[in-house]
Amino acid sequence: VAEVMFGLAINALVLLADAAHMLLEAGSLGIGLVASVSSKWKATPMYTYGYARFEVLAAFVNAVFVAFASFFLFVEGLERLLEPPHVHSEHLLAAALAGVGFNVVAMVFLRSRAWSIFSHSRTFGGTLYYFVWEALTVSAVVFAAVCIHYWGIREADAVASLFIGILILVRAFPLAKRITNVLLQRVPEEFMPVLR
């Protein structure tokens, strides 16, 4: 929310794109939380199969939000590429450096012994993978900030936003595919060799 408000205040689409990326990641974490909690709920006469499908519903809502966010990023990014608006580059540069600092601190924390156990677990196995993607989006924000602030290339905001939009789709597509397979009750992949 803070990144969205700051992005709107300084007219930086790339910050809104990074916030959309964070929405995808936060949604994925939320889905995991919903799944871990709802899977422990007992079945009732009304819900005889329990509440395990809450995970699918949460993932579906997340995918819809991501789809709308990606559509907005591409439309707005193309418009800004044709007519680049003024962006408060000094504030954007400060936000970019803050993002870099956050990622450095997070990576150092994840390398500590306290997290070494979790990094090999099923739940936290993708944590480092997440920070690789986060580093890519932060790099795009830094790229836009430097290009605008030092060289006056205002199109960099749109280019970096489109790049992040592509990253969001790359991350969201497998999630959307899994949701679709579950909703259509497709045979799980592990059973496909048996059926062929």
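Visitor: What share of the contacts in the protein with a separation of 6 or more comes from residues 24 or more positions apart?

Guide: Keep in mind that we're looking at a predicted model. Take the contacts with a separation of 6 or more and pick out those between residues 24 or more positions apart. Their share is 76%.

Visitor: What pattern does the protein follow along the sequence?

Guide: Start with the tally: the secondary structure comes to 8 helices and 0 strands. Reading along the sequence then gives α-α-α-α-α-α-α-α.

Visitor: How much of the exposed area do carbon and sulfur atoms supply?

Guide: Let's take burial before surface: of the 196 residues, 34% are buried. The protein exposes about 12,500 Å². Of that area, the part supplied by carbon and sulfur atoms is 71%.

Visitor: Which helix supplies the largest share of the largest nonpolar core?

Guide: That core has 33 residues, and Ala12, Val14, Leu92, Val141, Ile164 and Ile168 are the ones touching the most other members. At least two residues each come from helix H2 (13-38), helix H3 (54-82), helix H4 (89-110), helix H6 (127-151) and H7. The largest share is 8 residues, and the helix behind it is H2.

Visitor: Is serine 161 buried or exposed?

Guide: You'll find serine 161 in helix H7, which runs over residues 155-183. Buried means under 20% relative accessible area. Serine 161 has 0% relative accessibility, so it counts as buried.

Visitor: Which residue's backbone nitrogen does the side chain of serine 161 reach?

Guide: Leaving out residues up to four places away in sequence, serine 161 touches Leu13, Val14 and Ala17. Its side chain reaches a backbone nitrogen at 3.1 Å, and that nitrogen belongs to valine 14.

Visitor: Which residues does isoleucine 164 touch, not counting those up to four places away in sequence?

Guide: Isoleucine 164 is one of the core residues that touch the most other members, and Val14 and Val141 are on that list too. With residues up to four places away set aside, the contacts of isoleucine 164 are Val14, Ala17, Asp18, His21, Thr137, Ala140 and Val141.

Visitor: Where is asparagine 11 found?

Guide: Asparagine 11 catches the eye with a positive phi of about 65°, although it's not a glycine. Look past helix H1 (2-10), and asparagine 11 turns up in the loop between H1 and H2.

Visitor: Why does asparagine 11 count as partly exposed?

Guide: Partly exposed is what lies between the buried limit, under 20%, and the exposed limit, over 50%. Asparagine 11 falls in between because its relative accessible area is 26%.

Conventions:
Residues are numbered from 1 along each chain as its sequence is written. This is a predicted model: local features need pLDDT of at least 70, side-chain atom pairs count only at pLDDT 80 or more; totals for chains, interfaces and linings use all residues. Side-chain values use heavy atoms; hydrogens and water are left out. Helices (H or I, at least four residues) and strands (E, at least two) are DSSP runs, numbered from the N terminus. Buried means under 20% relative accessible area, exposed over 50%, partly exposed in between (1.4 Å probe, protein chains only). Contact means heavy atoms within 4.5 Å. Accessible areas come from the Shrake-Rupley method with a 1.4 Å probe; for residues, only the protein chains shown count as cover. A polar contact is a pair of N or O atoms within 3.5 Å; within protein, one must be able to donate a hydrogen and the other to accept it, and residues adjacent in sequence count only if both atoms are side-chain atoms. A nonpolar core is a set of buried Ala, Val, Leu, Ile, Met, Phe, Trp, Tyr and Cys residues joined through side-chain atoms within 4.5 Å.
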